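Visitor: I have a new model open and would like to learn how to read it. Could you take me through it step by step?

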Amino acid sequence: MTEVTRPADRNIELHLGDITRLAVDAIVNAANTSLLGGGGVDGAIHRAAGPDLLAECRSLGGCPTGEARLTRGYRLPARYVIHAVGPVWRGGGEEDALLAACYSNALALAGERACRSIAFPAISTGIYGFPADRAAGIAVATVRAALAAGALLDRVVFCCFDRATLAHYERELGLGDG
């Protein structure tokens, strides 16, 4: 596992590994609109949290693209799971704004629950096909804007599943060539 912190962004860190193992107040799930689990990080979070997460998600009635919903973390080290529904990449258009809204809405929910730490996966970059480099730029810009606007977060983790994704975040944060 690799963790990197840049002094100019002392609240932001990068992590290479499994988001379900991070000890933070909230982890963000790259969810689908049903909130009932799926593949990738969504499936991993549901498996790690246990069946109570699915039961709570069923009570929420889904979530539109660009929005987010909060549940308990159950068996996870995180207190909460924030389920953010990212856009399916269709070649441009409104996808950038919808992806930024996922991050903003997740940060707002974290703030409402007084979370001081949050971990994000690379939302929409798996089966939804959002270009990973573009998604990293949107994620970093949105988080930086929230922190500059006064979001009370001591720690924001971008948790990357592989080195290729990590490289995009390193580039966005000015950490070497990326």
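Visitor: Among contacts in the protein chain between residues at least 6 apart in sequence, what percentage join residues at least 24 apart?

Guide: Happy to start there, and please keep in mind that this is a predicted model. The share is 65%, counted among contacts in the protein chain whose residues are at least 6 apart in sequence.

Visitor: Which pattern of helices and strands does the protein chain follow along the sequence?

Guide: Read it from the start of the chain: the order is β-β-β-α-α-β-β-α-β-α-β-α. In total there are 5 helices and 7 strands.

Visitor: How does the radius of gyration of the protein chain compare with that of a compact globule?

Guide: The idea is to set the value against what the chain length would suggest. A compact globule of 178 residues would have a radius of gyration near 16 Å, and the protein chain has 15 Å, so the two agree. Along the principal axes, the C-alpha atoms fill a box of roughly 45 × 35 × 30 Å.

Visitor: What part of the residues is buried, and what do carbon and sulfur atoms supply of the exposed area?

Guide: Residues under 20% relative accessible area are called buried, and here they make up 49% of the 178 residues. The chain exposes about 8,100 Å², with 50% of that supplied by carbon and sulfur atoms.

Visitor: Which residues have the most contacts inside the largest nonpolar core?

Guide: They are Ile82, Ile118, Phe120, Phe158 and Tyr169, in a core of 39 residues. Helix H3 gives this core its largest share, 8 residues. Another core, of 18 residues, lies apart from it and includes Ala31, Cys57, Leu76 and Ala78.

Visitor: What is Phe158 in contact with, leaving aside neighbours within four places in sequence?

Guide: Its partners include Ile12, Leu14, Tyr103, Phe120, Val143 and Tyr169. Glu13 and His15 are also among them.

Visitor: Which residue in the loop between H3 and E6 should I look at for its backbone?

Guide: Try Ala114, in the loop between helix H3 (95-112) and strand E6 (117-120). Ala114 has a positive phi of about 55° although it is not a glycine. Ser124, in the loop between E6 and helix H4 (132-148), likewise is not a glycine and has a positive phi, about 75°.

Visitor: Are Ala114 and Ser124 buried or exposed?

Guide: Ala114 counts as exposed because its relative accessibility is 54%. Ser124 has a relative accessible area of 5%, so Ser124 is buried.

Visitor: How many positive and negative side chains are there?

Guide: There are 17 positive and 19 negative ones, and the centres of the two sets lie 5 Å apart.

Conventions: Residues are numbered from 1 along each chain as its sequence is written. This is a predicted model: local features need pLDDT of at least 70, side-chain atom pairs count only at pLDDT 80 or more; totals for chains, interfaces and linings use all residues. Side-chain values use heavy atoms; hydrogens and water are left out. Helices (H or I, at least four residues) and strands (E, at least two) are DSSP runs, numbered from the N terminus. The radius of gyration is taken over C-alpha atoms; the globule rule is 2.2 Å times the number of residues to the power 0.38. Buried means under 20% relative accessible area, exposed over 50%, partly exposed in between (1.4 Å probe, protein chains only). Contact means heavy atoms within 4.5 Å. Accessible areas come from the Shrake-Rupley method with a 1.4 Å probe; for residues, only the protein chains shown count as cover. Lys and Arg count as positive and Asp and Glu as negative; His and the chain ends are not counted. The place of a charge is taken as NZ of Lys, CZ of Arg, CG of Asp or CD of Glu. A nonpolar core is a set of buried Ala, Val, Leu, Ile, Met, Phe, Trp, Tyr and Cys residues joined through side-chain atoms within 4.5 Å.
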